[in-house]
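Trainee: Got a minute? I'd like to go through the charged pairs in this one.
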Amino acid sequence: MPLRAVFFDLDDTLTDRWETIGRYAELFAGHFRGRLLSARRRTLRSCLWAADRGGRNPRRSLELLTCLQWRDAPSIAELDQHWNERYITQTVARAGALQVIQTLRRAGLHVGVIADGFDA
C-alpha cells in the first residue's frame with residue numbers, strides 16, 4: 001500500500017517551543033512589567049519553561065504566581081487569558097518545517113498535525 005499521509009507532532013517537531021517561550025517571555029515582560037518585582041528575561045523564560053512543562057501543565061498559571069516575584073500579582077484567570085490569547089502569536093517554526101510540509105503536499109501526500117499538550 002503506498003504512503004498516503006504523514007503526521008507530525010506540533011511541539012518541538014514543527015515548532016521550536018524553547019524559542020517560542022523566549023519570544024513569549026518578552027511579551028509577558030512588557031505586559032506585566034509594572035506588576036513584577038523583577039522582569040529579568042532569563043528568570044521569566046526559566047519560570048515560563050518550568051511552569052509550561054512542554055504544554056502539559058493545566059496548573060501553569062498557578063505555578064507562575066509562585067515562581068515569579070510579584071509586586072501586584074494577577075489572578076490565575078488573567079494569566080490564563082494572557083497565555084491563551086498571546087502565546088500562539090509568538091510561535092517560532094522549526095527551521096525547514098514549512099519546506100518539508102510543502103514538499104510532501106506537492107508530492108500528493110496528506111499532512112496532519114497532532115499534539116499531546118494540555119488544552120485549556
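Mentor: Sure, let's talk about salt bridges and where their partners sit. This is a predicted model, where local features need pLDDT of at least 70 and side-chain atom pairs count only at pLDDT 80 or more, while totals for chains, interfaces and linings use all residues. Residues are numbered from 1 along each chain as its sequence is written, and side-chain values use heavy atoms, leaving out hydrogens and water.

Trainee: How many salt bridges does the structure hold?
Mentor: There are 10. A salt bridge here is a side-chain nitrogen of Lys or Arg within 4 Å of a carboxyl oxygen of Asp or Glu.

Trainee: Okay, what does R17 form a salt bridge with?
Mentor: With D52, and the closest N and O atoms are 2.6 Å apart. R17 is in helix 1 and D52 in helix 2, 35 residues apart. Helices are DSSP runs of H or I, at least four residues, numbered from the N terminus.

Trainee: Are those two buried or exposed?
Mentor: R17 and D52 are both buried (under 20% relative accessible area; exposed is over 50%, partly exposed in between, with a 1.4 Å probe and protein chains only).

Trainee: Which residues are linked with R17 and D52 in a network?
Mentor: D11 and R60 join them in a network of salt bridges.

Trainee: New topic: what about E78?
Mentor: E78 pairs with R35, with the closest N and O atoms 2.7 Å apart. E78 is in helix 4, while R35 is in the loop between helix 1 and helix 2. E78 is partly exposed at 26%, and R35 is partly exposed at 22%.

Technical notes
Helix = DSSP H or I, 4+ residues; strand = E, 2+ residues; numbered from the N terminus.
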